[in-house]
Every structure is written in structure tokens, then in C-alpha cells.
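Grab a coffee and work through these exercises with the model open beside you. Each one sets a task and then walks through the solution.

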Amino acid sequence: MHMKYGVDEHGYYGDFGGAYIPEMLYPNIEALRAQYLKVLNDNDFKAEYDQLLKDYVGRPSPLYHAKRYSEKYGANIFFKREDLNHTGSHKINNAIGQILLAERLGKKRIIAETGAGQHGVATATVCALKGLECVVYMGEIDMERQAPNVARMKMLGAKVVPATSGSKTLKDATNEALRDWIGNPEDTHYIIGSAVGPYPYPEMVAKFQSIISFEAKKQLLEQTGSELPQYVLACVGGGSNAIGMFYNFLDDESVKLIAVEAAGKGVETGHSAATTSLGKEGVLHGTRTILMQTEDGQVVEPYSISAGLDYPGIGPQHAHLYKVNRAEYVSATDDEALNAGLLACQLEGIIPAIESAHALAHLEKMTFKLGDNVVICLSGRGDKDLDTYIKHFGY
Ligand SMILES: *Cc1c(COP(=O)(O)O)cnc(C)c1O
């Protein structure tokens with residue numbers, strides 16, 4: 001469908017994408033590539049996916065016209081409420097899709113990586129739903145700062161394995177999960193949580209998350225009389241909520257797409273995850289993309305206060321959208337995001353995930369024309385981040 005911005009028959013988005021994998025992973029990836037489209041287009045799969053999204057996840061997620069935000073910023077501001085999904089974020093859309101795929105591929109064991117713990121919780125949830133064994137890799141530092149999500153995963157029956165190398169965060173957990181998959185190619189499916197990794201993962205995850213913009217278009221038409229807004233904003237870690245929010249707007253060139261990365265303590269401080277500002281082209285976790293790296297190609301340790309954005313790369317489709325200027329990539333610091341999160345509490349009665357608060361923070365830097373319609377993906381809720389908010393604001 002999206003010839004210009006979509007994937008080609010070799011798994012590339014312009015210069016980015018592909019599958020850069022060790023030989024031992026080749027059969028897994030090849031089997032996925034050969035089968036996933038057939039499964040996704042199968043009527044039985046579609047019916048079960050739609051039904052679970054409706055009755056289990058609670059979709060469609062509302063498109064909420066935030067009136068006090070609209071007054072403050074002088075535009076019609078809408079929140080796409082992925083925070084209201086079962087398990088608290090957009091991650092469940094992809095987890096449901098992939099567990100149904102794994103089931104149809106005859107897999108008995110599921111592995112996943114997680115940063116904030118949202119993808120781990122979503123994966124543990126769908127494994128419980130289907131009675132499948134679940135192992136989640138999580139950076140040791142993330143396990144500390146997201147303790148409630150670790151407990152949740154354990155309650156749901158998952159085994160949580162700490163990743164103790166490198167920065168002990170998301171990229172290290174991803175390395176561990178890939179290692180596990182190499183060792184267990186036959187019975188195991190790896191549910192990647194973002195639009196990253198070797199082809200076909202970025203494409204598959206984008207398809208599962210595209211429900212966000214599919215619904216948003218219909219809801220905009222109902223509420224504003226036009227399915228096209230002037231601006232669409234989303235935060236970017238690996239890029240799954242953003243690509244889901246952008247997906248059905250990609251070919252509508254009048255719609256400005258804005259992706260907000262985590263600047264951490266500031267882009268130039270050495271404590272940042274602002275990938276497009278700091279990164280160069282290279283290979284990360286099996287895909288050619290833009291990533292933060294040293295002159296000699298070592299991955300730079302990212303930093304963000306939000307575990308979900310603490311990733312040194314972006315998905316290959318985002319790298320492409322950045323390079324061809326279809327979407328604008330900006331960043332917000334920890335402090336800007338925390339303040340934006342508090343504002344959402346006080347103006348709208350919504351405690352957003354700190355990840356999502358990065359997207360909200362960018363509103364401060366924009367200027368609008370009267371009547372502009374703006375959609376922001378509220379990718380998740382802030383329950384998991386209460387400790388961080390409390391520590392920062394001293395409640
Ligand atoms: C994981 C997560 C993100 C970042 O991941 P993407 O793949 O970039 O969407 C953003 N928001 C929330 C709430 C998350 O849990």
C-alpha cells in the first residue's frame with residue numbers, strides 16, 4: 001500500500017531495514033518471513049485478532065478532545081487513548097497479534113525483551129491467555145526502576161531474567177533475547193516489542209500497531225468532519241506507537257508527522273537517547289538503521305528517565321521517514337517530559353506514562369493556527385512511573 005514510505009520486496013525502507021542476522025537465526029527469520037503474511041491474511045486469524053482487540057483489550061481506544069489543552073495551546077488537541085488499553089499501553093496490540101501468529105506457527109515457548117516492562121507485561125498477559133511458557137529478558141536497572149511491572153509479569157506466570165551486561169537496560173535485554181532464540185530455534189517464538197529488529201519484524205509490528213491510526217482517522221472524521229488533522233505527534237523509543245500512529249497518514253502528505261525522542265539530560269550532555277540528533281547509519285539488532293555509536297562503531301549507552309525510550313536506535317522505517325523528511329524528529333528532555341506529565345494531570349486528570357509525556361512536551365515548542373487539529377498518541381498510562389514522578393516533584 002505505502003509504496004513510497006513502505007517496505008520493498010527485500011525488506012528495506014529506502015536505505016534501511018533488511019535482516020542482518022547470525023546464520024543460526026536464519027531459519028527462524030526465514031520461516032517467519034515466509035509465513036507471517038499468509039497467517040495475517042487468514043480469515044480465522046483476523047476474526048480472533050479483532051475479537052480479542054475488542055473484548056479483551058477494550059478497543060477502539062477513544063480519541064479524546066482535550067478541551068483545556070486546546071484552550072491552552074490554541075488548537076484542537078486530541079489524545080489517542082492507548083493508555084486505556086488492557087495492561088496500560090499500546091504494546092498489547094502487537095503482543096496479541098504475535099501470540100496468535102506464534103500459536104499458528106506451532107510454537108510452545110515465548111520469549112521477549114522489555115524496557116519499561118510494558119511489553120513484558122503485555123507478553124506475559126497474552127501467554128497466560130494462551131497457556132504458553134513465557135520468558136522475559138529485562139535490564140537489571142530497568143528491573144529496579146520498574147519493580148511493579150516485574151511483579152506483574154511474575155504474577156502472570158512469566159519468568160523474568162535480568163540482563164546484566166552493558167548499561168543493563170533495553171538494548172542488553174534485546175541481546176539476551178536474541179541469544180536465547182539462537183539457542184532455541186525450534187519451539188520458541190520471539191515477540192519483539194517495538195518496530196525494530198530484522199525484517200519482517202518492523203513491518204509486522206507496524207501492521208499490528210496500525211490499528212491506532214486506522215481508528216483515529218475514523219474518529220477524526222466523526223468529531224471534526226475531516227479524517228486528516230494538521231499534526232500527528234508520538235514519542236519514539238524503537239518507534240512502534242509512533243509508526244502505528246503515523247501508518248495510515250503516511251501517504252497524506254498534508255499531515256505533519258512529528259516524532260519526539262528522549263533527550264535525557266540534554267542532547268549534548270552525554271546522557272541522552274536522541275537517536276536522530278546523535279546517531280549515524282549502522283546495524284543494530286539485526287536491522288540497518290540510525291543508531292548512537294562511537295567513531296569505531298561501538299553502540300553508545302543511551303540514557304532517558306523513561307525506560308521505554310532508553311534505546312540507542314530507532315526502527316528502520318523511522319530512519320527512512322527521517323532521511324526523506326516525511327516526518328520531523330525532535331526531542332524533549334527528562335525535565336520537559338516530567339513537567340508535561342504533571343500538566344496532563346492538572347489540566348485533564350490524566351497521569352500519562354513518562355514516555356507519552358515526551359510527546360506532550362513538544363506542544364510547548366509549537367505554534368498553531370486557529371482551527372488546527374492535533375492528534376497526540378498517549379501511548380501509555382503513568383501508574384508504572386508514579387515513583388519517578390513522586391521523587392521528582394516531591395509529593
Ligand atoms: C514501550 C513504550 C514506548 C516506546 O516504545 P515504542 O516502540 O517507541 O512505542 C512508549 N510509550 C509507552 C507507554 C511504552 O510502554
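**Exercise 1. Find how many bridges join strand β4 to β15, and which way the two strands run.**

Step 1. Start with β4, residues 76–81: six bridges join it to β15, and the two run parallel. Strands here are DSSP runs of E with at least two residues, helices are runs of H or I with at least four, and both are numbered from the N terminus. Two strands pair if DSSP finds at least two bridges between them.

Step 2. Pick out a contact at residue level: Arg 81 stands opposite Leu 378 in β15.

Step 3. Now take β9, residues 231–235, which is joined to β15 by three bridges, again in a parallel run. Here Leu 233 has Ile 376 of β15 as its bridge partner.

A word on the ground rules: this is a predicted model, so local features need pLDDT of at least 70 and side-chain atom pairs count only at pLDDT 80 or more, while totals for chains, interfaces and linings use all residues. Residues are numbered from 1 along each chain as its sequence is written, and side-chain values use heavy atoms, with hydrogens and water left out.

**Exercise 2. Decide whether the residues of β15 are buried or exposed, and do it face by face.**

Step 1. Set the scale: buried means under 20% relative accessible area, exposed means over 50%, and partly exposed is in between, with a 1.4 Å probe and protein chains only.

Step 2. Count along β15 (residues 373–378): six of its six residues are buried.

Step 3. Recall the general pattern: side chains in a regular strand alternate between the two faces of the sheet.

Step 4. Split the strand that way. Asn 373, Val 375 and Cys 377 sit on one side, Val 374, Ile 376 and Leu 378 on the other, and all are buried.

Step 5. For contrast, look at Leu 370, in the loop between α15 (354–361) and β15. Leu 370 counts as exposed because its relative accessibility is 85%. Its C-alpha atom is 8.4 Å from that of Asn 76, although the two are 294 residues apart along the chain.

**Exercise 3. Work out how many disulfides the structure holds.**

Step 1. Apply the cut-off: a disulfide is a pair of cysteine sulfur atoms within 2.5 Å. The structure holds zero.

Step 2. Check Cys 235, which is in no disulfide: the nearest cysteine sulfur belongs to Cys 377, 7.1 Å away. With a relative accessible area of 1%, Cys 235 is buried.

Step 3. Check Cys 345, also in no disulfide, with the sulfur of Cys 235 the nearest at 16 Å. Cys 345 counts as partly exposed, at 25% relative accessibility.

**Exercise 4. Locate the largest cavity and say why it lies between domain 1 and domain 2.**

Step 1. Know the method. On a 1 Å grid over the protein atoms alone, a cavity is a set of points where a 1.4 Å probe fits but cannot get out; a pocket is an open set with protein on both sides within 12 Å along at least five of seven lines; lining residues have an atom within 4 Å of a point. Grid points are joined across faces, edges and corners, and a volume is the space filled by probe spheres set on the points.

Step 2. Search the whole structure: one cavity of 30 Å³ or more turns up. The largest cavity has a volume of about 330 Å³.

Step 3. Look at its lining of 32 residues, where Lys 91, Gly 193, Ser 194, Gly 238 and Gly 308 lie nearest the centre. The elements giving two or more residues to this lining are β5 (109–114), α5 (118–130), α8 (170–183) and α11 (240–246).

Step 4. Bring in the domains, whose bounds come from an automatic or database assignment. Domain 1 (20–52 + 91–196) and domain 2 (58–88 + 206–393) both give residues to the lining, so the largest cavity lies between them.

**Exercise 5. Describe the lining of the largest pocket.**

Step 1. Take the volume, about 750 Å³.

Step 2. Of its 30 lining residues, Lys 207, Phe 208, Ser 210, Ile 211 and Tyr 247 are the closest to the centre.

Step 3. Ask which element gives the largest share: α2, with six residues.
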